[in-house]
Structures are given as C-alpha cells and as structure tokens.
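Let's take a walk through a protein model, one helix at a time. Have a look at the picture first, and then we'll go through who sits beside whom.

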Amino acid sequence: MATDAPPPQGGTDTSPVQPTTESFVEVQESAEFGELRRAYRSFAFPLTVAFIAWYLLYVLLSNYAGGFMGTKLFGNINVALVFGLAQFATTFLIAWLYSRHAAEKLDPKAEAIKSRMEDDA
C-alpha cells in the first residue's frame, strides 16, 4: 500500500558508518586477522577431514564388509545400525565442539576486529 507521505527529513540515519575498502584490505592483511583465520582453520580442517574419513569408513564397510556390518550385537541391533547412529552422534558432537570453540576463541577475536573497524570508520 503506497502512501503520499514524503520520506522523513534530517539526520535520522542511525546505521553504522561503513569502513572503506582500504580498511578491509588493511585488516585482512593484519596479524590479528591472520590469527583469527589460523584459529578457525586449526579447528575446522582437522575435524572436517576426520569426519569425512569416518563417513567413508562407514560407507566402505557397508559395501565391502557386509558380514562384519551384519554382525548382531544384541537382539536385532547390528554393527551397521550402531555405526549409522554414531554418524548422527558424531555430527552433533562436532557441532557442539565448534560452538564452544567459536564462543571461546573465534568470537572474541572477531568482535575485537569488528569494534576496531567500526571505531576507525
């Protein structure tokens, strides 16, 4: 629904001032930002590789070790079911660990960089 009212006049813009492109490049090249990237990569890459390896192990065992995966542990519960459910548990564990890592190590560094950029703008 359109109105005929004119837009508000004056300095009502309360959005933060955007840093310049040069400021972004300067921060990207800083040691502080490099440390933030290292903190992220040192957590994310090893866990990603470990989880992919764990997943591929599950898939390969399912395809080529049917006898082992079909081994009954108790009742109708077999190794394949336990490994499959462990995939879900591993996913939630990694998400929880990342959340803790981000809150403790990444967020404070990122907030410091953000605050400095906003103050300089």
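## Two helices side by side

Start with α2 and α4, whose axes come within 10 Å and cross at roughly 175°. Axes here are lines fitted to C-alpha atoms, for helices over the stretch in contact, and angles run from 0 to 180 degrees between N-to-C directions. The helix names come from DSSP runs: helices are H or I with at least four residues, strands are E with at least two, and numbering starts from the N terminus. So how do α2 and α4 run relative to each other, roughly parallel or roughly antiparallel? They are roughly antiparallel, and the labels go like this: under 35 degrees is roughly parallel, over 145 roughly antiparallel, 65 to 115 roughly perpendicular, and the rest oblique.

Sorted by class, the contact of α2 with α4 has 21 nonpolar, five polar and four charged residues. For that sorting, Ala, Val, Leu, Ile, Met, Phe, Trp, Tyr, Cys and Pro are nonpolar, Asp, Glu, Lys and Arg are charged, and the others, Gly among them, are polar.

## What kind of model this is

Keep in mind that this is a predicted model, where local features need pLDDT of at least 70 and side-chain atom pairs count only at pLDDT 80 or more, while totals for chains, interfaces and linings use all residues. Residues are numbered from 1 along each chain as its sequence is written, and side-chain values use heavy atoms, with hydrogens and water left out.

## A short helix joins in

Now find helix α1, residues 21-28, and helix α4, residues 79-120: their axes come within 11 Å and cross at roughly 150°. That makes α1 and α4 roughly antiparallel to each other too. The crossing of α1 past α4 is right-handed; a crossing gets that name if the near helix is turned clockwise from the far one by less than a right angle, and left-handed if anticlockwise.

Which residues of α1 and α4 meet? On the α1 side they are S23, F24 and V27, and on the α4 side I113, R116 and M117. By class, this contact of α1 with α4 has four nonpolar, one polar and one charged residues.

## The nonpolar core

In soluble globular proteins, nonpolar side chains tend to be buried together. Here the largest nonpolar core has seven residues: V27, L36, A39, A102, L106, I113 and M117. A nonpolar core means a set of buried Ala, Val, Leu, Ile, Met, Phe, Trp, Tyr and Cys residues joined through side-chain atoms within 4.5 Å. Two elements, α2 (31-64) and α4, give two or more residues to this core, and the largest share, four residues, comes from α4.

Zoom in on L36, which touches L106, K109, A110 and I113 when residues up to four places away in sequence aren't counted. Contact means heavy atoms within 4.5 Å.

M117 sits in helix α4. Is M117 buried or exposed? With a relative accessible area of 11%, M117 is buried; the cut-offs are under 20% for buried, over 50% for exposed, and partly exposed in between, using a 1.4 Å probe and protein chains only. Leaving aside neighbours within four places in sequence, M117 is in contact with P19, S23, F24 and V27. By contrast, M117 and Y64 are 53 residues apart along the chain, and their C-alpha atoms are separated by 54 Å.

## More stops along α4

Helix α4 also holds H101, which is buried at 13% relative accessibility. Its contacts, apart from neighbours within four places in sequence, are A39, F43 and L106. Q87 lies in α4 as well and is buried, with a relative accessible area of 7%. Under the same neighbour rule of four places, Q87 is in contact with F51, W54, Y55 and Y58.

I94, another residue found in α4, is partly exposed at 21%. Not counting residues up to four places away in sequence, I94 touches L47 and F51. I94 and L47 are 47 residues apart in sequence and 7.6 Å apart in space, C-alpha to C-alpha. Finally, G84 lies in α4 and counts as buried at 13% relative accessibility. The C-alpha atoms of G84 and Y55, 29 residues apart along the chain, are separated by 9.2 Å.
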